[in-house]
Structure formats: C-alpha cells, structure tokens
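Me: I am new to this structure and would like a close look at a single part of it. Please keep the sentences short and connect the part to its surroundings.

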Amino acid sequence: MRNGWGWLVLSVVIVLLDQLSKQWVLQSLVFGEVIAVMPSFNLVLAYNSGAAFSFLAGAGGWQRGFFSGVAVVAAVVIVYLLRKHRGERLFSLALAMILGGAIGNLMDRILLGHVVDFLDFYVQGYHWPAFNVADMAITGGAGLLIWDSFKKPAKP
C-alpha cells in the first residue's frame, strides 16, 4: 500500500467489527449471562477494567487512565511506523491489527470505563479469560510481529 492509508483502513474495519460486536452483546445479554454456543464455547457478557487477562482489574481505578494513555501513545507510534514502513506488508499488517484492537478497547475504556468481553472458551471447566474482537486483533498482530521478526535478516 503505497501511501500507507490502506493499513489505516484495515484498522478502522477492525474497530468497527469490534464495536459492532460489543454493541450486539450489550443489547443481547445481561452482565454475567452465559449462552452455551457449543461444547467448550460460550457467549458471556463480562467487563474488564484491567488489561489483558484482567491484569490490574482490581487496582482501584487509576489503571483506566494509565491504560488509556498507553493506548494513545501506542496508536501515535504505530501510525508513525505504518507511514515509515508501509511497504513492509507483514509488519504493516501486524501493526494495523494491533492499532485497530487498541483503539477498539480504548473506546470502551473512555466511553464505558471498562472493556466489554464476551468470547468464553473453556476445556473441562477451565475457562480462558473472556476476550473480544479487539483482543483477537491485538494477539494476532503480536503473533505476526514475532513471525516477521524471524523473517528479517539479522543486522551485523
């Protein structure tokens, strides 16, 4: 993508998918409600005031501003990197995914004071922490960054 705008469009698509899915869940479920979809997968409305896997969720409220600030700084850095490395497809794809996910969760923090999670996978009673579309984009983007790092030649 020659000018880098296409990567930002991808980020916007991720934000839209994330926010639309969260709105659907907020309108369809009540907090804590569980809908069994298939063995090992539920839909559940959960709120996360912390970071990944509810890290610092019970920290008293200061974490909302902290994680919001981190997301804003990360977004600015990612937009800069997307413009600078727009020709590096895998790297830029990864950054665009992370940017979309970060903005999706940032919108929740700003508008709701917490992140809406709703995808609940489990095995024999062990539940993975609930997550959302933004989390999937961030995780997928991070995985692609790792993959990309192995593809680049080492600099002497």
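Where is glutamine 124 found? Please start there and work outward.

Reply: Glutamine 124 is found in the loop between E3 and strand E4, which covers residues 126-127. Keep in mind that this is a predicted model. The backbone at glutamine 124 has a phi near 45°. That is a positive value in a residue other than glycine. Glutamine 124 counts as exposed because its relative accessible area is 82%, and the cut-off for exposed is over 50%.

Now step back into the strand. Strand E3 spans residues 115-123. Two of its residues deserve a look: aspartate 120 and leucine 119.

Take aspartate 120. Its side chain is buried yet forms no salt bridge. The nearest side chain of opposite charge belongs to lysine 22, and that is 16 Å away. A salt bridge needs a side-chain nitrogen of Lys or Arg within 4 Å of a carboxyl oxygen of Asp or Glu, so lysine 22 does not qualify as a partner here. Aspartate 120 does have a polar contact, though. Its side chain joins that of histidine 127 at 2.9 Å. Histidine 127 also appears among the contacts of aspartate 120, next to Trp128 in the list. The other contacts are Ser40, Phe41, Asn42 and Val44. Neighbours within four places in sequence are left out of that list.

Leucine 119 is buried as well, because its relative accessibility is 10%, and buried means under 20%. Its contacts include Phe41, Asn42 and Leu43. They also include Pro129, Ala130, Phe131, Asn132 and Met136. Again, neighbours within four places in sequence are set aside. One more distance helps to place this residue. The C-alpha atoms of leucine 119 and alanine 46 are separated by 9.0 Å. Along the chain, these two are 73 residues apart.

Serine 40 is worth a stop, as it touches aspartate 120. Serine 40 is found in the loop between strand E1 (34-38) and strand E2 (41-48). Its phi is near 80°. Like glutamine 124, serine 40 has a positive value in a residue other than glycine. Serine 40 is partly exposed, because its relative accessible area is 31%.

Next, follow lysine 22, the residue that lies 16 Å from aspartate 120. Side chains of opposite charge can pair when their charged atoms come close. Lysine 22 meets aspartate 18 in a salt bridge of 2.8 Å, N to O. Aspartate 18 and lysine 22 sit 4 residues apart in helix H1, so about one helical turn separates them. Lysine 22 also meets aspartate 108 in a salt bridge, again at 2.8 Å, N to O. Aspartate 108 lies in helix H3 and lysine 22 in helix H1, so this pair ties together parts that are 86 residues apart in sequence. Aspartate 18 and lysine 22 are both buried. Aspartate 108 is buried too. Asp18, Lys22 and Asp108 are thus linked in a network of salt bridges. The structure holds 2 salt bridges.

Asparagine 105 touches two members of that network, Asp18 and Lys22. The place of asparagine 105 is in helix H3, residues 89-112. Asparagine 105 is buried, because its relative accessible area is 8%. Its contacts also include Val115, Asn132, Ala134, Asp135 and Ile138. Residues up to four places away in sequence are not counted there. Asn132 appears among the contacts of leucine 119 as well.

Helix H1 has another side to show. Leucine 17 is found in this helix, which runs over residues 5-28. Leucine 17 counts as exposed because its relative accessibility is 51%. With Val9 and Val13, leucine 17 makes a nonpolar surface patch of about 260 Å².

Finally, the whole. The protein has 4 helices and 4 strands. Along the sequence, they follow the pattern α-β-β-α-α-β-β-α. Of its 156 residues, 38% count as buried. The protein exposes about 9200 Å², and carbon and sulfur atoms supply 72% of that. Among contacts with a separation of 6 or more, 64% come from residues 24 or more positions apart.

Key: Residues are numbered from 1 along each chain as its sequence is written. This is a predicted model: local features need pLDDT of at least 70, side-chain atom pairs count only at pLDDT 80 or more; totals for chains, interfaces and linings use all residues. Side-chain values use heavy atoms; hydrogens and water are left out. Buried means under 20% relative accessible area, exposed over 50%, partly exposed in between (1.4 Å probe, protein chains only). Lys and Arg count as positive and Asp and Glu as negative; His and the chain ends are not counted. A polar contact is a pair of N or O atoms within 3.5 Å; within protein, one must be able to donate a hydrogen and the other to accept it, and residues adjacent in sequence count only if both atoms are side-chain atoms. Contact means heavy atoms within 4.5 Å. Patches are made of residues with over 30% relative accessible area and no salt bridge: like charges are joined within 9 Å, nonpolar side chains (Val, Leu, Ile, Met, Phe, Trp, Tyr) within 5 Å. Accessible areas come from the Shrake-Rupley method with a 1.4 Å probe; for residues, only the protein chains shown count as cover.
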